[in-house]
Amino acid sequence: MSAAAVEHPCDDEPEPLLETANRLTEQHPGYRVEIIGGVITVAPPPDGPHADALTTLMIPFLGAGLHGEESRVLQGIGLWLPGGPEDYAVPDLALVDADLDEHRLENNCYDPAVFRLVLEVTSSNYNSDLRHKVAAYAEAKIPVYVIVDRKHGRVHVLTEPLASGYDRHEVYAPGQEAPLPRSIGAEVVLDVAELIKAGRPRT
């Protein structure tokens with residue numbers, strides 16, 4: 001999904017960013033609107049291979065029993081970010097504690113404390129996933145951040161969040177398997193070749 005920053009015209013009383021983001025969401029159904037670092041981005045709906053990769057990703061999580069009584073595997077759920085007063089993100093996929101509803105904050109977003117893992121499948125906005133969101137998710141203390149980089153054909157697994165990034169950053173290529181920390185609640189290993197193949201357009 002390509003992302004474009006949105007600016008609100010100057011007037012006497014600027015519209016709060018959250019109001020602008022919600023208006024854009026209403027005006028563009030299916031688009032993903034986020035505020036990261038005080039900047040609104042709007043990304044168009046994903047293409048078919050993006051959705052295919054996302055479904056392929058869900059299979060090992062579901063197979064490991066992570067969508068059950070203790071945790072849930074969810075797509076497109078709002079994550080409230082501590083980086084700014086109105087910051088939030090909508091990761092492609094998230095593994096969260098099952099008591100999620102008890103931790104709802106503002107704007108249909110949830111406390112980062114209930115997120116065990118977030119995952120992004122890149123599109124043309126891959127720089128956002130590989131840079132801006134790394135810092136944002138680390139600051140929110142998300143324990144595990146996984147990126148399926150379709151442009152470069154790699155899977156990134158980031159763990160041990162610090163103030164401005166992750167202390168550990170493992171990169172896996174096709175032909176390798178990407179193991180995820182057991183701290184997410186079960187043993188999950190991602191087949192990199194399978195994910196990259198699913199994320200490529202069919203010719």
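**Exercise 1. Find where Glu-160 sits, and work out what its phi and accessibility look like.**

Step 1: Glu-160 belongs to strand 11 (residues 154–161). Strands here are DSSP runs of E with at least two residues, helices are runs of H or I with at least four, and both are numbered from the N terminus.

Step 2: Check the backbone. Phi of Glu-160 is near 60°, a positive value in a residue other than glycine. Most residues other than glycine have a negative phi.

Step 3: Check the surface. Glu-160 is partly exposed, with a relative accessible area of 38%. For the cut-offs, buried means under 20% relative accessible area, exposed over 50%, and partly exposed in between (1.4 Å probe, protein chains only).

A word on the ground rules: residues are numbered from 1 along each chain as its sequence is written, and side-chain values use heavy atoms, with hydrogens and water left out. The model is predicted, so to speak of local features takes pLDDT of at least 70, side-chain atom pairs count only at pLDDT 80 or more, and totals for chains, interfaces and linings use all residues.

**Exercise 2. Do the same for Asn-108: which loop holds it, and what is its phi?**

Step 1: Asn-108 is in the loop between strand 7 and strand 8 (109–110).

Step 2: Its phi is positive too, near 60°.

Step 3: With a relative accessible area of 48%, Asn-108 is partly exposed.

**Exercise 3. Trace the pairing around strand 9 (residues 115–121).**

Step 1: Start with burial. Seven of the seven residues in strand 9 are buried, leaving the strand mostly covered.

Step 2: Look at one partner. Strand 7 (residues 93–97) pairs with strand 9 in the antiparallel sense over four bridges; pairing takes at least two DSSP bridges between two strands. Ala-94 has Val-118 of strand 9 as its bridge partner.

Step 3: Look at another partner. Strand 10 (residues 144–149) and strand 9 pair in the parallel sense over five bridges, and Leu-119 is bridged to Val-146 in strand 10.

Step 4: Follow the chain. It goes from strand 9 through helix 3 (residues 126–139) to strand 10, a right-handed β-α-β crossover. Right-handed means that, with the strands pointing away from the viewer, the path from the first strand over the helix to the second runs clockwise.

**Exercise 4. Where is helix 3 kinked, and which residue with positive phi follows the helix?**

Step 1: Get the span. Helix 3 has 14 residues and reaches 19 Å from first C-alpha to last, close to the 20 Å expected at 1.5 Å a residue (1.5 Å times one less than the number of residues).

Step 2: Find the kink. Helix 3 bends by about 45°, centred on Lys-133; the bend is the angle between axes fitted to the seven residues ending there and the seven starting there.

Step 3: Note burial. Among the buried residues of helix 3 are Tyr-126, Lys-133 and Tyr-137.

Step 4: Move past the end. Lys-141 follows helix 3 and has a positive phi, near 65°.

**Exercise 5. How far is Glu-34 from Ala-21, C-alpha to C-alpha?**

Step 1: Glu-34 is in strand 2 (residues 32–36) and is buried, with a relative accessible area of 5%.

Step 2: Ala-21 is one of the buried residues of helix 1 (residues 17–27), alongside Leu-18, Thr-20 and Leu-24. Seen down the helix axis, these fall within an arc of 160°, so they line one face of the helix. The arc uses directions from the axis to the C-beta atoms.

Step 3: The two C-alpha atoms are separated by 7.1 Å, with the residues 13 apart along the chain.
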